[in-house]
Amino acid sequence: MTASAGIARPSRGSVAVRAAFATYVAVLVVLPLAALASQAFSGGLRALARAISTPLVFHALWLTAWTAAIMAVINAVMGTATAWVLVRYRFAGRRMLAALIDLPFAIPTLIAGVLLTVLLGPQSGAGGFFARHGIRVLFAPPSIVLALLFVTLPFVVRAVEPVLLELDPSEEEAARLLGAGNATVFFRVHLPPLAPAILSGTIRSFARALAEFGSVVVVAGNIPHRTLTAPVLIFGEVEGGRPAAAAAISLVLLGTAFLLLEAAKAVDRFTGRHHG
Amino acid sequence: MVEARSHLGEARTQSRWTAAPVLLLALTLAYLGVIIVLPLGALVVRAMSLGFGNLLTAMRNANAVHALQVSLSLAAIAVAVNCVVGVAGALVLVRHRFVGRRALDAIVELPLAISPVAIGLTFLLLFGRGGWLAPGLASLGVKLPFAFPGMVLATLFVTLPYTLREVVYVLREIGTTEEEVAATLGASPIQTFVRVTLPNVRHALGYGVLLTAARALGEFGAVLVIGGDITESTQTATTYIYAAIEERNAAGAYGMALVLAATSVGLLIGIDWLGHRRRGAA
């Protein structure tokens with residue numbers, strides 16, 4: 001047997017590796033998800049619809065969606081600004097700042113929640129300030145948005161950075177020679193090629209936010225109709241011995257997040273960019 | 001390519017510090033300061049205000065030590081398994097052509113879309129009372145829910161995409177030229193893999209391993225649901241913190257949070273270093 005057969009034509013060994021990998025994925029991912037779907041649909045489609053349309057579940061889904069939406073808008077703007085600063089400016093501490101962007105990927109999300117409760121708790125300066133002015137941050141929706149901003153910080157920055165690095169500087173020079181100001185150059189020259197990357201990163205951060213549990217449960221708790229987000233509600237239903245309801249909400253969240261990730265991938269493919 | 005890119009990069013960097021760039025830089029720094037640096041600083045200050053001795057005593061507590069050991073074991077298993085699965089799976093997804101490859105490609109990214117709590121729930125449904133695999137497990141005498149093996153499965157589910165994605169990315173970038181040359185020169189498939197493929201993906205693999213370790217150490221929702229947070233049994237470092245917060249055990253909560261945060265920063269330094277090495281090599 002020639003060695004090149006290992007690449008071109010499947011050898012016995014490569015077929016075995018392929019089968020082993022497919023089995024691993026099937027047992028570890030597909031089987032559990034099938035069990036989840038089966039549990040969610042166990043009472044039929046109508047029972048599933050009823051399970052997710054109670055006021056409690058509806059409020060939890062709505063809270064999850066709108067806090068994630070606010071986070072996504074802030075991320076789109078600040079993520080682009082951060083990528084711009086990291087790529088375009090040279091200043092002391094830039095290298096450290098660049099590394100800091102990835103910290104939310106390395107730090108447990110529960111710890112992100114602990115950090116924010118310490119910062120915003122009544123014993124800290126910031127928490128004291130908010131308390132004096134009657135602004136509720138902890139155990140209220142603002143803390144959910146803050147926690148989501150922490151855990152999704154890298155998404156837009158890391159999506160925009162590579163595109164920004166590859167922009168053709170001659171276009172900007174031409175625009176400036178023609179008398180365009182900073183704002184015109186940004187909106188007419190820079191934003192159009194950056195837009196797909198910003199969109200893709202923002203969609204990914206939104207999808208990630210729909211799943212967030214650890215940080216949110218610590219900063220916002222689980223007050224029904226007030227701070228109970230959908231992932232925290234799933235936990236409550238599991239603890240309360242209602243696996244069917246938990247599975248139904250899980251399936252809605254999973255379906256939405258999956259479609260969003262596919263949409264983000266479609267945006268990446270459209271612009272021929274691989275998301276690394 | 002790398003030369004040209006960095007040259008262009010220099011040409012495009014800001015040379016005049018007028019009002020607009022200074023404002024934008026200040027805004028970005030303020031934002032990152034509020035979102036990341038300030039909360040981290042607050043934890044360090046609060047933990048230290050409890051006294052270093054108290055923190056150390058809390059961390060020497062048998063429960064805390066056991067919880068940390070459970071987390072480290074889970075991370076070690078996740079890293080070891082994902083090293084093999086990541087490389088083998090990436091080779092299958094990039095180098096093989098077969099029916100269902102696109103579907104497999106989409107499935108391996110699913111763990112990134114699922115809430116950790118839902119992941120714990122799926123394994124409970126599968127192995128818990130009335131689950132599809134519960135009778136089989138009972139006859140084998142294996143206990144998965146509220147036990148270490150269940151947590152291993154949940155952690156493997158969560159960490160599946162990390163090494164895989166990184167190695168897939170590099171294998172796509174480098175193509176098959178080098179492997180074909182090695183084969184033409186008479187190398188066996190195993191020689192080609194060990195001498196050509198593996199060295200090419202080592203930075204990506206290292207990067208994926210650090211992400212896997214960080215993700216496994218920090219996993220909370222999935223291990224909380226499937227493990228049940230039982231003290232000195234299925235309690236992990238993260239669920240220990242959760243329990244300590246509930247019990248108002250400040251030294252335990254902040255001490256463990258500090259240990260995990262410091263570990264994350266250590267892993268981050270490695271991630272950053274390997275990221276630069278990888279970009280330099282690509």
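**Exercise 1. Determine how many helices and strands chain B of this predicted model has, and describe its overall build.**

Step 1. Chain B has 13 helices and zero strands. From the N terminus on, its elements therefore read α-α-α-α-α-α-α-α-α-α-α-α-α, helices and strands being DSSP runs.

Step 2. Along the principal axes, the C-alpha atoms of chain B fill a box of roughly 65 × 60 × 30 Å. Of the 282 residues of chain B, 46% count as buried.

Step 3. Among contacts in chain B between residues at least 6 apart in sequence, 76% link residues at least 24 apart.

**Exercise 2. State into which domains chain B is divided and characterise the contact between them.**

Step 1. The assignment for chain B gives domain 1 (16-49) and domain 2 (51-281). Taken over C-alpha atoms, the centres of domain 1 of chain B and domain 2 of chain B are separated by 31 Å.

Step 2. Contact is made between five residues of domain 1 of chain B and seven residues of domain 2 of chain B. On the side of domain 1 of chain B that touches domain 2 of chain B, four residues are nonpolar, none is polar and one is charged.

**Exercise 3. Locate the kink in helix 2 of chain B and list the residues of this helix that are buried.**

Step 1. Helix 2 of chain B has a kink of about 50 degrees, and B:G33 is its centre.

Step 2. The buried residues of helix 2 of chain B are B:T28, B:L32, B:I36, B:P39, B:L40, B:A42, B:L43, B:R46 and B:A47. In an α-helix, residues three or four places apart point the same way, because there are 3.6 residues a turn.

Step 3. After helix 2 of chain B comes B:G51, with a positive phi near 95 degrees.

**Exercise 4. Carry out the corresponding description for chain A, with its helices, strands and domains.**

Step 1. Chain A has 14 helices and zero strands. Its C-alpha atoms fill a box of roughly 80 × 65 × 35 Å along the principal axes.

Step 2. Of the 276 residues of chain A, 46% count as buried. Among contacts in chain A between residues at least 6 apart in sequence, those joining residues at least 24 apart make up 76%.

Step 3. Chain A is assigned domain 1 (10-40) and domain 2 (52-270). The C-alpha centres of domain 1 of chain A and domain 2 of chain A are 32 Å apart.

Step 4. Four residues of domain 1 of chain A contact six residues of domain 2 of chain A. The side of domain 1 of chain A that touches domain 2 of chain A has three nonpolar residues, one polar and no charged.

**Exercise 5. Analyse the contact of chain B with chain A, and the packing of helix 1 of chain A on helix 6 of chain B.**

Step 1. In total, 84 residues of chain B are in contact with 76 residues of chain A. Helix 2 (residues 19-49) of chain B gives the most to the side of chain B that touches chain A, contributing 16 residues. That side comprises 60 nonpolar, 16 polar and eight charged residues.

Step 2. Helix 1 (residues 12-40) of chain A packs with helix 6 (residues 116-127) of chain B at an angle of about 85 degrees, the axes being 8 Å apart. The two helices are therefore roughly perpendicular, since that class covers 65 to 115 degrees.

Step 3. Helix 1 of chain A takes part through A:L31, A:P32, A:L33, A:A35, A:L36 and A:Q39. Helix 6 of chain B takes part through B:A118, B:L121, B:T122, B:F123, B:L125 and B:L126. The residues of this contact divide into ten nonpolar, two polar and no charged.

Methods:
Residues numbered from 1 in each chain as written. Chains lettered and ligands numbered in written order. Predicted model: local features only at pLDDT ≥ 70, side-chain atom pairs only at ≥ 80, totals over all residues. Domains from an automatic or database assignment. Contact = placed C-beta atoms within 7 Å. Nonpolar A, V, L, I, M, F, W, Y, C, P; charged D, E, K, R; others polar. Helix = DSSP H or I, 4+ residues; strand = E, 2+ residues; numbered from the N terminus. Buried ≥ 20, exposed ≤ 12 C-beta atoms within 10 Å, placed from the backbone. Axes fitted to C-alpha atoms, helices over the stretch in contact; angles between N-to-C directions. Parallel < 35°, antiparallel > 145°, perpendicular 65-115°, else oblique. Bend = angle between axes of the 7 residues up to and from the residue.
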